[in-house]
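User: Please take a close look at the pockets of this model, and then at the helix and the sheet that belong to the wider picture. I would like one connected account.

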Amino acid sequence: MKESEKRSPFLMACYRKPTAYTPIWLMRQAGRYMKEYRALRKRFSFLEMCKNPELASTVTLLPIEKFKLDAAIIFADILLPLEPMGIELEFTKKEGPIIRHPIREIKQIKTLRAIEPEEDLPFLLEAIRTVRKELNGKIPLIGFSGAPFTLASYIIEGGHSKDYILTKGLMYQDRTAWDDLMKKISEVVIRYLNAQIRAGVQAVQLFDTWAGCLSPNDYEEYVLPYAKKVIERVDRSVPLIHFATSSSAFLEQMKRAGGDVIGVDWRIDLGEAWARIGYNKAIQGNLDPVILLSSPALIEKEVKRILDGAGKRPGHIFNLGHGVLPETPADHVAFLVETVHRYSAR
Ligand code: CP3
């Protein structure tokens with residue numbers, strides 16, 4: 001770690017080093033709850049914004065200018081590698097991401113390409129370099145990717161799913177096709193993350209957002225080997241945060257898959273999650289995003305409860321349990337950040 005990075009409470013907490021206060025950043029901190037973001041979105045589509053390095057870097061910095069966050073996260077999406085893999089992707093207003101020709105058979109899986117990030121996603125790497133320059137060492141920049149299972153679920157279902165019938169169908173009924181698909185996606189994730197690290201991100205987060213739909217046994221059998229392989233092959237000169245929602249049934253397995261930090265949602269008590277994971281890993285979380293729609297008094301109460309659960313041990317990064325909701329008042333975000341810093345000051 002560089003000297004300037006040792007001054008970052010976020011990076012120090014990733015490595016469980018003591019910090020003057022608990023660092024905080026928020027998943028989806030640059031997004032629709034900000035009027036500045038909504039104004040830009042009137043003029044550009046989401047994908048246009050992701051593919052324009054100047055816009056992507058501007059949006060990355062919007063919440064940094066407004067709030068005293070301890071890290072920035074690059075404005076991009078877990079689904080950006082799909083197009084270069086050969087999968088058409090659209091973002092619709094109502095349904096979110098849509099894949100018109102989902103991948104469900106072995107012959108389709110065979111056509112999927114591994115990506116060459118420098119050629120296929122140059123805009124993302126350029127945005128990372130621009131943001132690093134603009135931040136000028138003030139706070140670190142986080143890169144990210146979807147984890148293999150979560151990406152597989154979009155590729156197979158064609159969008160968001162309630163029951164993951166098709167994803168689990170492939171998993172249970174055609175093991176060879178499942179393994180082929182997960183291998184291909186894992187290679188893409190490794191390349192996607194390592195390219196972001198080469199371009200300058202100082203930490204990475206692996207989002208296994210939808211793995212919580214699985215039984216612990218299925219997580220172990222069908223997902224863990226791939227998550228583990230990815231984590232082993234990502235350049236670990238930077239810390240890696242391994243995040244999933246509804247993960248309380250397989251926290252120990254997530255830990256075995258790896259990562260310096262385990263990210264948990266609000267469905268489990270943070271103190272209990274940390275005790276189960278073990279204090280040899282850092283932990284990130286875990287305010288319910290809906291709390292941010294309530295009142296400062298309730299936000300304050302919840303912040304105290306979560307900080308008490310962490311017990312002032314080094315290695316807690318405050319975050320929400322999932323992304324900031326579009327309905328969130330921006331002044332509640334400011335209040336949250338201040339409250340976390342104030343109550344955790346040591
Ligand atoms: O955290 C950040 O501020 C960085 C940017 C970021 C986005 N997506 C921007 C985005 C990150 C880290 C993501 C991750 C992501 N994308 C995940 C994993 C985390 C999670 O929230 O579950 C997933 C599953 C996706 C896929 C995705 N992208 C969905 C399901 C949607 C539509 C629904 C939604 O929540 O908006 C998107 C679109 C998207 N990605 C938006 C943003 C700001 C909204 C686009 C818009 O302006 O309409």
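Analyst: In sorting the residues of a lining, Ala, Val, Leu, Ile, Met, Phe, Trp, Tyr, Cys and Pro are taken as nonpolar, Asp, Glu, Lys and Arg as charged, and the others, Gly among them, as polar. On that basis, the lining of the second largest pocket in this predicted model divides into seven nonpolar, four polar and four charged residues. The second largest pocket holds about 210 Å³ of space, and among the 15 residues that line it, Tyr21, Leu69, Asp70, Lys138 and Ile139 lie nearest its centre.

The largest pocket holds about 1500 Å³ of space. Its lining is made up of 44 residues, and those nearest the centre are Arg28, Arg32, Asp77, Phe91 and Pro97. By class, the lining of the largest pocket comprises 24 nonpolar, 10 polar and 10 charged residues. Helix H3 (35-43), H4, strand E2 (90-92) and strand E3 (96-98) each contribute at least two residues to the lining of the largest pocket, and H3, with four residues, gives the most.

Helix H4 also appears in the surroundings of another helix, H9. The buried residues of H9 pack against helix H4 (46-51), helix H5 (53-66), strand E1 (72-73), helix H8 (117-120), strand E4 (141-146) and helix H12 (175-199). Those buried residues are Phe123, Leu124, Leu125, Ala127, Ile128, Val131 and Leu135, where buried stands for under 20% relative accessible area. Helix H9 itself covers residues 122-135, 14 residues in total, and reaches 20 Å from its first C-alpha to its last, which is close to the 20 Å expected at 1.5 Å a residue. Just after H9, asparagine 136 adopts a positive phi of about 50 degrees.

Two of the partners of H9, strands E1 and E4, lead on to the sheet. The sheet is open, has seven strands with parallel pairing, and runs in the order E1-E4-E5-E6-E7-E8-E9. At its edges stand E1 and strand E9 (316-320), each of which pairs on one side only. Further in, E4 pairs with strand E5 (residues 203-208) in the parallel sense over five bridges, and glycine 146 stands opposite phenylalanine 207 in E5. Taken together, H9 sets its buried residues against two strands of this sheet, E1 and E4, as well as against helices, while H4, one of those helices, also supplies at least two residues of the lining of the largest pocket.

Methods. Residues are numbered from 1 along each chain as its sequence is written. This is a predicted model: local features need pLDDT of at least 70, side-chain atom pairs count only at pLDDT 80 or more; totals for chains, interfaces and linings use all residues. Side-chain values use heavy atoms; hydrogens and water are left out. The expected span of a helix is 1.5 Å times one less than its number of residues. Buried means under 20% relative accessible area, exposed over 50%, partly exposed in between (1.4 Å probe, protein chains only). Contact means heavy atoms within 4.5 Å. On a 1 Å grid over the protein atoms alone, a cavity is a set of points where a 1.4 Å probe fits but cannot get out, and a pocket is an open set with protein on both sides within 12 Å along at least five of seven lines; lining residues have an atom within 4 Å of a point. Grid points are joined across faces, edges and corners, and a volume is the space filled by probe spheres set on the points. Two strands pair if DSSP finds at least two bridges between them.
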